[in-house]
Amino acid sequence: MTMRLATYSAGGAPCVGVVLEDGAVLDGAAALRASGGDPAPLGDMIAAIEAWDRVGPVLVKAAASPPVGAVVAKERVRLLAPIPRPRKNVFCVGRNYLDHVAEGDRAAGRETTVPEHAQFFTKPANVVIGPGEWIPNHARVTKALDYEVELVVVIGKGGADIPRERAFEHVFGYTIGNDITGRDLQRRHGQWFKGKGLDRSCPMGPWIVPRGDLPEPPDLRISLTVNGEQRQDSRTSRMIFDIPAILAVLSAGLTLEPGDVIMTGTPEGVGYAMTPPRLLQPGDRIAAAIEGIGVLENEVR
């Protein structure tokens, strides 16, 4: 069984658990108590990641054979973003799929050039929302709201100056992100932070799949639909800068910590580059999917 590690609410404070095959959730703290362990590390996802060597094997065993009273019924569960409030801004890589670079250059009327270096920006930590939560259309500030499905890397082992060949040792797992963007703000301000930093502009989830449950390096189908219409469809292996390159460059002189999240770029098919542009409107339902992880759904209001 693929481990699906989630942050959820069952009417009270957020909890960490494992989403089971039928949609019910194994309460992580209850599973640790049943094994005689200290449930404190399951108080939040970052603490769980930091203590994974100790709590991970307990959760794997309990997910296969749940202790009595440790399962929360699907009907009572509301999934939240796996890391509802990252410690730092969300790290992001721009222009990391060649066909996306090309479509953006076509829309801008310029010749396509492949980036020589990874292009980094960030989204504020407080803009993260979870699956099923709504995205505001921000009509007062942008007329060009767009979507971007992305594979998100979750850091497990911290460190700086991470060498390429050791990069995956620092990856805890993967989730799905949607880099909601005000394209006109992006262009107007000459940099990306304002257009990509709007409130509730970083849907993430629905859970984290640990690194060992996916291929390495990950070669996964990555896709997105709007109201059921296919817009994006590619593979994560088509990144210009792969995960080892991203981690090596980002961590050069900059310490990454457990629970840091890195969005790795989006493939072609974004709305502003279509002819004519197909930008997000109130009522649009977005489904961002990555093979082996799941589907992240949100609605624009």
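A residue counts as buried when its relative accessible area is under 20%. Keep that cut-off handy for this tour of a predicted model.

**Stop 1: two cysteines.** Select Cys202 and look at how much of it is open to the outside. Its relative accessibility is 0%, so Cys202 counts as buried. Now add Cys92 to your selection: Cys92 is buried too, with a relative accessible area of 0%. Are these two bonded through sulfur, and how far apart are the sulfurs of Cys92 and Cys202? The distance is 6.4 Å, and Cys202 holds the closest cysteine sulfur to that of Cys92, so the gap is too far for a bond. Cys202 is in no disulfide either. In fact, the disulfide count for this model comes to zero.

**Stop 2: strand E12.** Next, select residues 171–178, which make up strand E12. Eight of the eight residues here are buried, so the rest of the structure largely encloses the strand. Who are its partners? Show residues 149–155, strand E11: seven bridges join E11 to E12, and the two run antiparallel. Then show residues 202–210, strand E14, which is joined to E12 by four bridges, again antiparallel.

Zoom in on Gly177 in E12. Glu150 stands opposite Gly177, and so does Met204 of E14.

**Stop 3: Ser234.** Finally, jump to strand E16, residues 229–235, and pick out Ser234. Is Ser234 buried or exposed? Its relative accessibility is 3%, so Ser234 counts as buried. To see what surrounds it, ignore the neighbours within four places in sequence and display Tyr97, Leu220, Arg221, Ile222, Pro267 and Glu268, which are in contact with Ser234.

How values were computed. Residues numbered from 1 in each chain as written. Predicted model: local features only at pLDDT ≥ 70, side-chain atom pairs only at ≥ 80, totals over all residues. Heavy atoms only, no water. Buried < 20%, exposed > 50% of the residue type's maximum accessible area, 1.4 Å probe, protein only. Pairing = 2+ DSSP bridges. Contact = heavy atoms within 4.5 Å. Disulfide = S-S within 2.5 Å.
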